[in-house]
Amino acid sequence: MPDEDGHPTPAEMDLRTVLHALADPLRFGVIAQFLREPADAERTCAYFELPVSKSTTSHHFKVMREAGLLRMVDHGNSRTAVLRRTELDERFPGLLGLVRAEA
């Protein structure tokens, strides 16, 4: 069962759901950008400057969070996202390497 913020545990991460999240070019780009950042990088949604409305950006980050790609961190009046590298590498070995190579 996902935690109170909607993050699935690694055992709950489903490959089809993760691949669906990565199938969108904007979401793929966000994950690829995270892979170019330091491993513990926390970034706001605005950092990625997606060419869509704020509500659509929020939707994209929700899809990535619910798939287990990102962990959203609450900072009071703002939130940041962190790529769940270690958990993804353990659950789906090689997946992030493929994303990095494709990007």
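Which helix does Gly-29 lie in? Select Gly-29 and the answer is helix 2. The model on screen is predicted, and the tour starts from this residue.

**Stop 1: Gly-29 and the whole chain**

With Gly-29 selected, colour by accessibility. Gly-29 counts as partly exposed, at 31% relative accessibility. Add Ala-81 to the selection and draw a distance between the two C-alpha atoms: the separation is 14 Å, for residues 52 apart along the chain.

Now zoom out and show the cartoon. The chain contains five helices and two strands, and in sequence order these follow the pattern α-α-α-β-β-α-α. The C-alpha trace spans about 35 × 30 × 25 Å along its principal axes. For 103 residues, a compact globule would have a radius of gyration near 13 Å, and the chain agrees because its own value is 13 Å. Of the 103 residues, 38% count as buried. If you list contacts with a separation of 6 or more, residues 24 or more positions apart account for 62% of them.

**Stop 2: helix 2 and its surroundings**

Select residues 25-35, which form helix 2. Its buried residues are Arg-27, Val-30, Ile-31, Ala-32, Phe-34 and Leu-35. Show these as sticks, then bring back the rest of the cartoon to see what covers them. The cover includes helix 1 (15-23), helix 3 (54-67), strand 1, strand 2, helix 4 and helix 5 (95-102).

Move to the N-terminal end of helix 2 and select Asp-24. This residue caps the helix end, with a side-chain oxygen 2.9 Å from the backbone nitrogen of Leu-26.

**Stop 3: Arg-27**

Stay in helix 2 and select Arg-27. What is the nearest side chain of opposite charge to Arg-27? It belongs to Asp-24, the capping residue of the previous stop, and lies 4.5 Å away. The cut-off for a salt bridge is 4 Å, and Arg-27 has no salt bridge although it is buried. Its side chain does reach the backbone oxygen of Ala-21, at 2.9 Å. To see the rest of the setting, leave out residues up to four places away in sequence and show what Arg-27 touches: His-20, Ala-21, His-59, His-60, Val-63 and Met-64.

**Stop 4: the hairpin**

Select residues 70-74 (strand 1) and residues 79-83 (strand 2). The two strands pair in the antiparallel sense, over five bridges. Strand 2 is mostly covered, with four of its five residues buried. Between the strands of this hairpin are four residues, and Gly-76 takes a positive phi near 80°. To check the register, select Arg-71 and look across: Val-82 in strand 2 stands opposite.

**Stop 5: the Arg-71, Arg-84 and Glu-87 network**

Keep Arg-71 selected and add Glu-87. The two form a salt bridge, with the closest N and O atoms 3.6 Å apart. This pair links distant parts of the chain, as Arg-71 is in strand 1 and Glu-87 is in helix 4 (residues 85-91), 16 residues apart. Both ends are partly exposed: Arg-71 has a relative accessible area of 29%, and Glu-87 has 23%.

Next add Arg-84. Is Arg-84 buried or exposed? Arg-84 counts as buried, at 3% relative accessibility. Arg-84 also forms a salt bridge with Glu-87, the closest N and O atoms being 2.9 Å apart. Through shared partners, these salt bridges join Arg-71, Arg-84 and Glu-87 into one network.

**Stop 6: Asp-14 and Arg-16**

How many salt bridges does a search of the whole structure find? The count is five, including the two just visited. For another, select Asp-14 and Arg-16. Their side chains meet in a salt bridge of 3.2 Å, N to O. Asp-14 counts as partly exposed, at 25% relative accessibility, whereas Arg-16 is exposed, with a relative accessible area of 65%.

To end, put Arg-27 and Arg-84 on screen together. Both are buried, but Arg-27 has no salt bridge, whereas Arg-84 forms one with Glu-87.

Key:
Residues numbered from 1 in each chain as written. Predicted model: local features only at pLDDT ≥ 70, side-chain atom pairs only at ≥ 80, totals over all residues. Heavy atoms only, no water. Buried < 20%, exposed > 50% of the residue type's maximum accessible area, 1.4 Å probe, protein only. Lys, Arg positive; Asp, Glu negative; His and termini not counted. Polar contact = N/O pair within 3.5 Å; in protein donor to acceptor, adjacent residues only side chain to side chain. Contact = heavy atoms within 4.5 Å. Pairing = 2+ DSSP bridges. Rg over C-alpha atoms; globule rule 2.2 N^0.38 Å.
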